[in-house]
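Biologist: Could you take a close look at one part of this protein for me? I'd like a connected walk through it rather than a list.

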Amino acid sequence: MLLNVGIISSAGLPDFGIPSIDPLAINSLTIQQGKNSPINLKQDFKNIHLSGISETRLTKYNPDLNNYILRCDGLTPRVDFVGDYTMDGRILLLPITGKGKANITMVGLKTVHELIGEPIKKKGEVYIRFKEYHIKLLPKRVYLHFENLFNGDKVLGENMNRFMNENWELIFKDFIG
């Protein structure tokens with residue numbers, strides 16, 4: 001059974017102060033992989049736009065209201081992550097640096113969500129306030145493209161983009177932890 005998450009439309013719900021989710025604007029995101037990993041990168045992203053989220057369909061929904069936990073799985077045909085990036089580090093033994101535009105496209109994205117809450121009382125009613133949110137991203141395929149790698153060296157940049165796309169599973173697994 002697939003449920004449409006379209007309750008919150010791509011335009012959001014302005015009457016309730018809920019902004020548009022498609023595209024979803026994110027000001028900044030930093031990802032730092034550890035030194036013991038085959039991928040040791042510091043990546044800073046800014047001015048990010050995520051699109052495709054409104055096409056998500058819930059495939060599984062499992063509330064445990066007695067313990068204030070909500071688990072659900074979703075399937076999104078395609079998510080595009082586009083923004084400005086800077087990165088410095090290494091992939092396997094290959095050094096990598098760059099600054100410019102990034103495009104990360106996830107196809108056939110399965111998401112596994114777990115929201116952990118706690119009860120709060122307001123005017124005699126019990127509500128749930130979520131205090132933790134965990135998500136696993138399980139794409140069928142990821143396409144990566146970073147402009148201006150190696151300070152614009154076209155040959156090195158094209159080869160690194162090709163290498164990352166040929167090894168996307170290793171890169172993405174380490175990328176998201």
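Biologist: Let's start with serine 54: is serine 54 buried or exposed?

Modeller: Bear in mind that this is a predicted model. Serine 54 is buried: its relative accessible area is 18%, and the cut-off for buried is under 20%. As for its place in the chain, serine 54 sits in the loop between β3 (39-51) and β4. Its side chain also has a partner, making a polar contact of 2.6 Å with the side chain of aspartate 22.

Stay in that loop for a moment. Threonine 56 is found between β3 and β4 too, and at 12% relative accessibility threonine 56 counts as buried. Its side chain makes a polar contact with the side chain of threonine 76, at 2.6 Å. So the loop gives us serine 54 with aspartate 22, and threonine 56 with threonine 76.

Now step back into the strand that leads into the loop. Phenylalanine 45 belongs to β3, and with a relative accessible area of 1% phenylalanine 45 is buried. Across from there, the C-alpha atom of aspartate 84 is 5.5 Å from that of phenylalanine 45, although the two residues are 39 apart along the chain.

Going the other way, past the loop, you come to β4 and a pocket. The second largest pocket holds about 160 Å³ of space. Its lining is made up of Lys60, Asn62, Arg71, Cys72, Asp73, Val112, His113, Glu114, His134, Ile135 and Lys136. The elements that each put two or more residues into that lining are β4 (57-64), β5 (69-91), β6 (94-122) and β7 (125-138). Sorted by class, the lining has 5 charged, 3 polar and 3 nonpolar residues.

Between β4 and β5 there's another loop, and tyrosine 68 lies in it. Tyrosine 68 is partly exposed, at 24% relative accessible area. Its backbone is worth a glance: phi is near 60 degrees, a positive value in a residue other than glycine. Phenylalanine 150 has a positive phi as well, near 55 degrees, and again the residue isn't glycine. That one is in the loop between β8 (141-146) and α1, and with 17% relative accessibility phenylalanine 150 counts as buried.

That loop takes us to the helix. At the start of α1, a side-chain oxygen of aspartate 153 comes within 3.2 Å of the backbone nitrogen of valine 155. The helix covers residues 154-166, and because 13 residues at 1.5 Å a residue should span 18 Å, the 18 Å between its end C-alpha atoms agrees with expectation. Along α1, the buried residues are Gly157, Met160, Asn161, Met164 and Asn165. They cover an arc of only 130 degrees around the axis, which means they're on the same side of α1. Residues three or four places apart point the same way because an α-helix has 3.6 residues a turn. Val155 and Glu166, on the other side of α1, are exposed.

To put all that in context, the protein has 2 helices and 8 strands, and along the sequence they run β-β-β-β-β-β-β-β-α-α. Of its 177 residues, 33% are buried, with serine 54 among them.

Technical notes: Residues are numbered from 1 along each chain as its sequence is written. This is a predicted model: local features need pLDDT of at least 70, side-chain atom pairs count only at pLDDT 80 or more; totals for chains, interfaces and linings use all residues. Side-chain values use heavy atoms; hydrogens and water are left out. Helices (H or I, at least four residues) and strands (E, at least two) are DSSP runs, numbered from the N terminus. The expected span of a helix is 1.5 Å times one less than its number of residues. Buried means under 20% relative accessible area, exposed over 50%, partly exposed in between (1.4 Å probe, protein chains only). The arc is that of the directions from the helix axis to the C-beta atoms. A polar contact is a pair of N or O atoms within 3.5 Å; within protein, one must be able to donate a hydrogen and the other to accept it, and residues adjacent in sequence count only if both atoms are side-chain atoms. On a 1 Å grid over the protein atoms alone, a cavity is a set of points where a 1.4 Å probe fits but cannot get out, and a pocket is an open set with protein on both sides within 12 Å along at least five of seven lines; lining residues have an atom within 4 Å of a point. Grid points are joined across faces, edges and corners, and a volume is the space filled by probe spheres set on the points. Ala, Val, Leu, Ile, Met, Phe, Trp, Tyr, Cys and Pro count as nonpolar, Asp, Glu, Lys and Arg as charged, and the others, Gly among them, as polar.
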